[in-house]
Amino acid sequence: MKTTLLLLALCATAHAAPPASFFRALHIVETSGRTGPILGDGGKALEPLQIHKAYHTDAHIGGDYSRCADLDYSKRVVTAYLQRYAPQAWATGDVTTLARIHNGGPRGASKQATVNYGAKVARLAK
């Protein structure tokens with residue numbers, strides 16, 4: 001019985017996601033909501049959600065890195081990356097943890113350097 005309930009709970013949350021406001025907040029923090037040709041981190045990050053090439057590769061969604069210029073494609077990349085590295089935070093909609101991992105990599109949630117970033121995204125996502 002307990003196993004069945006656990007499986008049902010896992011299935012129910014497997015495709016859950018953070019609120020739509022998470023992506024809006026991420027976009028605002030990364031590029032002030034701008035679109036178009038935006039290079040960040042000294043030319044190492046692309047476009048509206050400031051995705052690095054290694055991040056794109058780690059997301060395992062295929063497609064050319066240059067497609068990160070498109071906001072919808074960038075959202076797909078971020079979704080795949082966060083579902084890979086933070087499945088529990090994704091399932092529960094833990095915006096702060098998701099933002100910190102987006103900013104600091106797979107172990108970003110434990111890095112002191114991402115605390116303010118995570119708090120800022122969470123504030124804007126409310």
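Colleague: How much surface does the chain expose, and what share of it do carbon and sulfur atoms supply?

Modeller: Keep in mind that this is a predicted model. The chain exposes about 7,200 Å², and 57% of that comes from carbon and sulfur atoms. As for burial, 38% of the 126 residues count as buried.

Colleague: Which pattern does the chain follow along the sequence?

Modeller: The chain has seven helices and three strands. In sequence order they read α-α-β-β-β-α-α-α-α-α. For contacts between residues at least 6 apart in sequence, 36% join residues at least 24 apart.

Colleague: Take helix 2. Why is it described as largely enclosed?

Modeller: Count its buried residues. Buried means under 20% relative accessible area. Helix 2 covers residues 21–31, and eight of its eleven residues are buried, so the rest of the structure largely encloses it. Those residues are Ser21, Phe22, Phe23, Ala25, Leu26, His27, Val29 and Thr31.

Colleague: Which helices do the buried residues of helix 2 pack against?

Modeller: Four segments serve as partners: helix 4 (71–85), helix 5 (87–92), helix 6 (95–104) and helix 7 (115–125).

Colleague: What follows helix 2?

Modeller: Serine 32 does, with a positive phi near 55 degrees. Further on, threonine 35 sits in the loop between helix 2 and strand 1 (39–40).

Colleague: Is threonine 35 buried or exposed?

Modeller: Compare its value with the cut-off. Exposed means over 50%. Threonine 35 has 55% relative accessibility, so it counts as exposed.

Colleague: What separation do the C-alpha atoms of threonine 35 and proline 48 have?

Modeller: They are 5.4 Å apart, although the two residues lie 13 positions apart along the chain.

Key. Residues are numbered from 1 along each chain as its sequence is written. This is a predicted model: local features need pLDDT of at least 70, side-chain atom pairs count only at pLDDT 80 or more; totals for chains, interfaces and linings use all residues. Side-chain values use heavy atoms; hydrogens and water are left out. Buried means under 20% relative accessible area, exposed over 50%, partly exposed in between (1.4 Å probe, protein chains only). Helices (H or I, at least four residues) and strands (E, at least two) are DSSP runs, numbered from the N terminus. Contact means heavy atoms within 4.5 Å. Accessible areas come from the Shrake-Rupley method with a 1.4 Å probe; for residues, only the protein chains shown count as cover.
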